[in-house]
Amino acid sequence: MKTKFVAPIALILLVSTLSFADFKYSETSKITGGAMMNMAKMAGVFSKDARQINAPTTRTISVKGSKLREEESDGSVRITDLAGRRFISIDPKNQTYSIVTFDDFKKAMERKQQEMQEKMKGKHGQDANMKITPKFESTETGASKTLLGVEAKELKAKIEMLMESSDPKAQGQQISTVINTDQWIAPNVAGYKEIREFYLKMAKEMDWMPGQAMNAMANSNVQISMNELRKSNLAHISGMTLLTYTSMTLGGNGTPPPTAQSQPQQQQQAEDNSVPTSASGAVMKGLGGMFKKKKQQDADNSAASTPNPASTPGSMMDMQTEVTSYSNSPLDPGLFEPPTGYSEKKITADDMAGGKK
């Protein structure tokens, strides 16, 4: 009798242990090109903060059961506790933490959506009449390569958001945002399913978010056409994305932004061999030479680096995100709770919804 009872209990405990494995991975993101990168470089000559814009950022994601931890480059931590229905924000610099419940966060998001709806109203109290048409394309190229010891498959995707206004004063105006991605996805990464299952549980737990967003847009007469989504040939590769190249471009009235080749050659500065006739002229020429030398060095470094496969001419921003490590080893439960000795700092859900730590 004892054997009959012990065996099933042991099996249940074993299955439970296997069902709640831990998983952790780290990734690095960096801007590799585009207009925003060039503007940040120019501003970085005078501002230390501007130079940080192009600096690589890191992020570490850890999951243990119903809790997920996100740690950013600056050391800040956000914990999502599904069982406790709360968000925990941790500030190691000031040794404080803050807690906001799911319910309070939901109310804050509803207020944000109400504010957005009010801003979209016209001068005479009429709702803005705008149509947003998403277009999706994706292709499995069949290419593969080894990343972090596992085989990854290539998936190229394109997302376009076309915004059109039917306002008589702006009729015919269109703005198009296009995002091209080149992703390398590993179908078989031991333990990654824990991350995927956590997000599925979170989507079920917080299903009010998509619904509320759709209602807010419907009330504002913002029409979202899903025809293109239904017609598109979306590829589906389930697995962990280990490497992603992204490029974003903007265009007006449905036309793509000008390409680099279309820029007139006259805009290129000719070499100045003149002799300065004043002290101020000598200073200005010296600064010009310094900037020119720095620009040439940046161009040489850019040419030597690996090109972004998703990059498009005239892009606003090119970015690369790469997973640098992953592990399915057991994690310390203390990582998913406020650290001992930290004091609680009261914040509102509106602060958290607005992105404040």
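Colleague: Before we start, what counts as a salt bridge here?

Modeller: It's a side-chain nitrogen of Lys or Arg within 4 Å of a carboxyl oxygen of Asp or Glu. Side chains of opposite charge can pair when their charged atoms come close. By this rule the count comes to twelve salt bridges.

Colleague: And what kind of model am I looking at?

Modeller: Residues are numbered from 1 along each chain as its sequence is written, and side-chain values use heavy atoms, with hydrogens and water left out. Local features need pLDDT of at least 70, side-chain atom pairs count only at pLDDT 80 or more, and totals for chains, interfaces and linings use all residues, since this is a predicted model.

Colleague: Which residue does Lys-67 pair with?

Modeller: Lys-67 sits in strand E3 (residues 67-72), and its partner is in the loop between strand E12 (317-327) and strand E13 (343-344), 270 residues apart. Strands here are DSSP runs of at least two residues (E), numbered from the N terminus. The closest N and O atoms are 2.3 Å apart, and the partner is Glu-337.

Colleague: Is Lys-67 buried or exposed?

Modeller: Buried means under 20% relative accessible area, exposed over 50%, and partly exposed in between (1.4 Å probe, protein chains only). Glu-337, at 28%, is partly exposed. Lys-67 has 19% relative accessibility, so Lys-67 counts as buried.

Colleague: Which residues share a network with Lys-67?

Modeller: Lys-67 and Glu-337 form a salt bridge. Salt bridges that share partners join Lys-67 into one network with Asp-81, Arg-86 and Glu-337.

Colleague: How many residues apart in sequence are Lys-156 and Asp-182?

Modeller: These two form a salt bridge, with closest N and O atoms 2.3 Å apart. Lys-156 lies in strand E8 and Asp-182 in strand E9 (residues 174-186), so the pair ties together parts whose separation in sequence is 26 residues.

Colleague: What is the relative accessible area of Asp-182?

Modeller: Its partner Lys-156 is partly exposed, at 33%. Asp-182 is buried, with a relative accessible area of 1%.

Colleague: Which residues make up the nonpolar patch on the surface with Ile-159?

Modeller: A patch takes residues with over 30% relative accessible area and no salt bridge, joining like charges within 9 Å and nonpolar side chains (Val, Leu, Ile, Met, Phe, Trp, Tyr) within 5 Å. Ile-159, in strand E8 (residues 150-165), is partly exposed at 34%. Together the patch has about 200 Å² of accessible area (Shrake-Rupley method, 1.4 Å probe, only the protein chains shown counting as cover). Alongside Ile-159 are Met-161 and Ile-179.

Technical notes. Helix = DSSP H or I, 4+ residues; strand = E, 2+ residues; numbered from the N terminus.
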